[in-house]
Amino acid sequence: MAGEVTAYAIDPATGALTHLPSAPYSTGGAGPQFVAISPSGRFVVATNTSSDNFSVFGRDVQTGALTLVPRLALPGRRRSPGRRLLGLRTLPLYIAAQNDDAVYAYEIDPDTGVPTAIPGSPFPGRRPRSGA
C-alpha cells in the first residue's frame with residue numbers, strides 16, 4: 001500500500017523471512033522508495049519521494065517492530081529525496097536530492113531518533129544520486 005513500509009524477521013540459522021504481524025507501518029508520507037537501518041539497528045529511515053520528506057522509525061531490536069518519530073519535509077525547491085540514502089551505515093544521515101542539486105545532512109538523536117539538520121545543510125552538488 002502507498003505510504004507504507006513492511007518489516008520481516010530473519011531466521012539467523014536459515015535466512016528465511018517471516019513477515020512481522022505488526023507490519024506494514026505508515027510512513028506518514030507518500031511514495032516511500034529507499035529504506036536503511038542505522039548501524040545500531042535502533043532506527044530505520046525511509047525516503048518519501050512523492051511527498052518530499054523522509055520518515056524515521058524507532059526499531060525494537062528484539063522484535064523488529066517500528067514506531068514512527070516525527071518526519072521532516074526537505075526545505076528545497078524540487079527536492080525528490082532519496083534517489084539514494086547516502087549513508088546510514090554511519091551517522092550522520094545523508095540524503096541525496098537530485099532535483100535540488102543538493103545533499104541534505106542530519107544528525108539522528110541516538111535516544112529519540114529525532115533528526116536535526118546539520119549546520120550548512122543542504123550542501124550543493126551536481127544532481128547527486130548515490131554515495132559510497
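**Note on the predicted model: strands, cores and a surface patch**

1. S38 is located in the loop that connects strand 5 (32-37) with strand 6. The model under discussion is a predicted one. S38 has a relative accessible area of 5%, and it is therefore classed as buried. A polar atom of the S38 side chain lies 3.4 Å from the backbone nitrogen of R42. S38 may also be considered together with P92: these residues are 54 apart along the chain, and their C-alpha atoms are separated by 9.7 Å.

2. The two strands on either side of this loop should be read as a pair. Strand 5 and strand 6 run antiparallel and are joined by 5 bridges. Within this pairing, V35 has A46 in strand 6 as its bridge partner. The hairpin of strand 5 and strand 6 has 5 residues between the strands, and G41 in this hairpin takes a positive phi near 80 degrees.

3. Strand 6 deserves a paragraph of its own. Is this strand enclosed or open? Because 6 of its 6 residues are buried, strand 6 is largely enclosed by the rest of the structure. Its residues point in two directions: F43, V45 and T47 are directed one way, V44, A46 and N48 the other way, and all are buried.

4. Strand 6 also pairs with strand 7. The pairing is antiparallel and extends over 6 bridges. Here the bridge partner of F43 is G58 in strand 7. Between the strands of this second hairpin there are 4 residues, and D52 takes a positive phi near 55 degrees in the hairpin.

5. Which residues make up the largest nonpolar core? This core has 12 residues in all: F43, V45, F54, V56, V69, L93, I95, A97, A102, Y104, Y106 and I108. Two or more residues are given to this core by each of strand 6 (43-48), strand 7 (53-59), strand 10 (93-97) and strand 11 (102-108). Strand 11 provides the largest share, 4 residues. A second core, separate from this one, has 9 residues, among them L20, Y25, V44 and L66. For strand 6, the student may note that F43 and V45, which point one way from the strand, belong to the largest core, whereas V44, which points the other way, belongs to the second core.

6. Strand 10 and strand 11 form a further antiparallel pair, joined by 5 bridges. In this pair, L93 stands opposite Y106 of strand 11. Both L93 and Y106 are members of the largest nonpolar core. Strand 10 is mostly covered, with 4 of its 5 residues buried.

7. The final point concerns the surface. A nonpolar patch is formed there by Y8, I10 and L17, which together have about 340 Å² of accessible area. L17 is placed in strand 3 (residues 17-19). Why does L17 count as exposed? Its relative accessibility is 55%, and exposed means over 50%, so L17 falls in that class. L17 is thus a nonpolar residue on the surface, in contrast to the buried F43, V44 and V45 of strand 6.

Methods: Residues numbered from 1 in each chain as written. Predicted model: local features only at pLDDT ≥ 70, side-chain atom pairs only at ≥ 80, totals over all residues. Heavy atoms only, no water. Patch = residues over 30% accessible without salt bridge, like charges linked within 9 Å, V, L, I, M, F, W, Y side chains within 5 Å. Areas by Shrake-Rupley, 256 points an atom, 1.4 Å probe, with all protein chains shown as cover. Salt bridge = Lys/Arg side-chain N within 4 Å of Asp/Glu carboxyl O. Buried < 20%, exposed > 50% of the residue type's maximum accessible area, 1.4 Å probe, protein only. Core = buried A, V, L, I, M, F, W, Y, C linked by side-chain atoms within 4.5 Å. Polar contact = N/O pair within 3.5 Å; in protein donor to acceptor, adjacent residues only side chain to side chain. Pairing = 2+ DSSP bridges.
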